[in-house]
Amino acid sequence: MRFTFLIEKSTLCNHIFNQSTKGGNFTEYEYIVVGSGAGGATIARELSKRGKNVLIIEAGKYERKIGTFKDSLRYFETTGYKTPRTSKEGIILWRTIMAGGSTVVSCANGTRCLQEEFKDFGINLEKEFQEAEKEMKIAPTPESLLSEASLRIKEASEELGYTMEPMPKFLDFTKCVRCGSCTFGCFQGAKWTALDYLNDAIANGANVIYETKVKQVISENGNAKGIRGKGKDGYVEIKGDNIILAAGALSTPIILQNSRISEAGRNLFIDILVNVYGKAKGLNQVSEPLMALVNHEFHEEKGFILSPHINANKTVRFMEAGIKGFMMPTNKLVGIMVKTADDASGRVYPDGTVSKAMTKDDWKRVNEGSSIAKKILENIGAEPKSILVSKPQGAHVGGVAAIGNVVDENLETKIRNLYVCDASVLPKAPGLPPILTIVALAKWLGKTLVH
């Protein structure tokens with residue numbers, strides 16, 4: 001069955017630049033926002049609704065069809081062999097290049113993180129968190145959406161002395177069909193994504209250029225003056241009074257380094273995760289929203305969380321767990337994700353190369369979490385010999401332009417009027433889904449810039 005994700009053509013066409021950009025310049029803007037994910041779309045919305053002249057530049061496309069593994073091959077960053085990108089050391093890096101960014105393929109988890117850490121820098125996000133939670137309609141996952149296997153995981157955890165709570169999600173539960181394909185994009189439109197805010201920004205008069213990659217920020221006498229990049233028709237140069245980089249933590253530091261901010265790119269974290277899988281007769285987690293439950297009790301002291309999760313697609317399991325993962329019977333598949341707050345020991349280089357290895361402490365967190373996950377799975381009937389742990393991987397890339405290091409308490413770099421507002425500025429690995437925090441931070445910055 002084919003599912004089509006439609007966009008309002010008439011609205012978008014009025015705001016997409018179709019004219020040639022080769023060797024040319026566009027009108028000067030008050031604000032140029034690079035990226036349309038959680039940070040970029042949010043701040044563009046905040047600025048445009050206050051009447052500011054805003055241009056959004058997005059490296060990817062506004063995808064019209066999402067929701068299947070085949071669709072995802074268009075927007076997940078892969079190698080020439082359609083395998084996921086990895087660090088030089090082999091850790092899988094899940095990343096999309098598309099309008100809406102990673103929010104489109106997220107598990108819709110709406111948890112607060114790093115609120116106190118930002119408060120230490122004088123940024124109080126309480127009001128913005130409340131505002132975002134209301135707009136995104138964040139609520140705990142109802143038990144009625146859980147599979148029998150996850151209900152058993154909840155019970156088994158309690159028997160072992162652990163607590164699995166409903167995961168708060170930005171998901172319209174009445175639209176959720178429990179397809180388990182959250183990470184390919186929601187064809188039902190049940191999930192809040194940054195596209196909601198992007199469309200609001202467009203309706204407020206913001207302009208958008210798609211399929212255009214920003215390479216460098218232009219500066220004169222220490223002030224940002226515009227951007228240089230490459231679009232479908234070649235070289236692009238656009239003037240702007242204020243530049244906000246929200247291109248994601250694998251692109252933002254490259255732009256910064258190309259703009260002579262050499263300290264960017266260091267202290268990379270990815271919230272390393274592994275999936276612990278097992279085979280259990282009569283149980284599977286195919287029909288439920290991913291990560292519907294969560295255990296937070298080890299987060300603060302041990303640095304990891306646990307959440308029921310499987311990749312039902314066999315090809316994805318092959319990517320993360322080899323032939324053994326591929327061969328596991330999906331109709332008997334149970335699993336728990338172990339997500340960690342890893343050491344910020346990685347680096348993004350100017351040529352785009354990523355270095356990120358597992359440290360001794362990273363392995364300690366992963367192994368301790370995996371041990372508990374195995375006990376829970378065995379307690380619901382998973383065959384001990386069937387249990388396997390995936391390769392280390394990460395999807396919460398950040399820290400490479402951290403507040404207090406590359407940006408100041410206003411999220412401004414040493415180049416005046418050049419700001420960063422994506423996961424790059426997070427001061428440490430959260431070990432928790434960061435989308436809500438990035439949205440709150442972007443709301444805060446948008447308000448700050450216009451006051």
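**Close-up views of a predicted model**

Across this predicted model, the protein chain has an average pLDDT of 94, and 94% of the residues reach at least 70. Keep one stretch in mind as you browse: residues 1–26 have a pLDDT below 50, and in the model this stretch makes 54 contacts beyond near neighbours in sequence.

**View 1. Helix α2 packs against helix α12.** Here you can follow α2 (residues 38–48) alongside α12 (residues 435–450), with the axes 8 Å apart and an angle of about 35 degrees between them. The crossing of α2 with α12 is right-handed. On the α2 side, look for Ala 38, Gly 39, Thr 42, Ile 43, Arg 45, Glu 46 and Leu 47. Their partners in α12 include Ile 435, Ile 438, Val 439, Ala 442 and Lys 443. Sorted by class, this contact has 10 nonpolar, 3 polar and 4 charged residues.

**View 2. Helix α5 also meets α12.** Helix α5 (residues 126–135) crosses α12 at roughly 120 degrees, and the two axes come within 9 Å. This crossing, too, is right-handed. From α5, the contact uses Lys 127, Glu 128, Phe 129, Glu 131, Ala 132, Glu 133 and Glu 135. Facing them from α12 are Leu 436, Thr 437, Val 439, Ala 440, Lys 443, Trp 444 and Lys 447. By class, the α5 contact with α12 has 6 nonpolar, 1 polar and 7 charged residues. If Val 439 and Lys 443 look familiar, that is no accident: they are also part of the α12 contact with α2.

**View 3. Ser 259 sits in a loop after α8.** The loop in this view links α8 (252–258) to β12 (273–279). Is Ser 259 buried or exposed? Ser 259 counts as buried, because its relative accessible area is 5%, under the 20% cut-off. A polar atom of its side chain lies 2.7 Å from the backbone oxygen of Ile 255. Setting aside neighbours within four places in sequence, Ser 259 touches Gln 216, Val 217 and Ile 415.

**View 4. Leu 114 has a positive phi.** Leu 114 is not a glycine, yet its phi is about 60 degrees. You will find Leu 114 in the loop between β4 (92–93) and α4 (115–120). With a relative accessibility of 8%, Leu 114 is buried.

**View 5. Glu 211 has a positive phi as well.** For Glu 211, phi is near 50 degrees. Glu 211 belongs to the loop between β8 (207–209) and β9 (213–220). Its relative accessible area is 27%, so Glu 211 is classed as partly exposed.

Technical notes: Residues are numbered from 1 along each chain as its sequence is written. This is a predicted model: local features need pLDDT of at least 70, side-chain atom pairs count only at pLDDT 80 or more; totals for chains, interfaces and linings use all residues. Side-chain values use heavy atoms; hydrogens and water are left out. Axes are lines fitted to C-alpha atoms, for helices over the stretch in contact, and angles run from 0 to 180 degrees between N-to-C directions. Helices (H or I, at least four residues) and strands (E, at least two) are DSSP runs, numbered from the N terminus. A crossing is left-handed if the near helix is turned anticlockwise from the far one by less than a right angle, and right-handed if clockwise. Contact means heavy atoms within 4.5 Å. Ala, Val, Leu, Ile, Met, Phe, Trp, Tyr, Cys and Pro count as nonpolar, Asp, Glu, Lys and Arg as charged, and the others, Gly among them, as polar. pLDDT is the predictor's confidence in each residue, from 0 to 100. Buried means under 20% relative accessible area, exposed over 50%, partly exposed in between (1.4 Å probe, protein chains only). A polar contact is a pair of N or O atoms within 3.5 Å; within protein, one must be able to donate a hydrogen and the other to accept it, and residues adjacent in sequence count only if both atoms are side-chain atoms.
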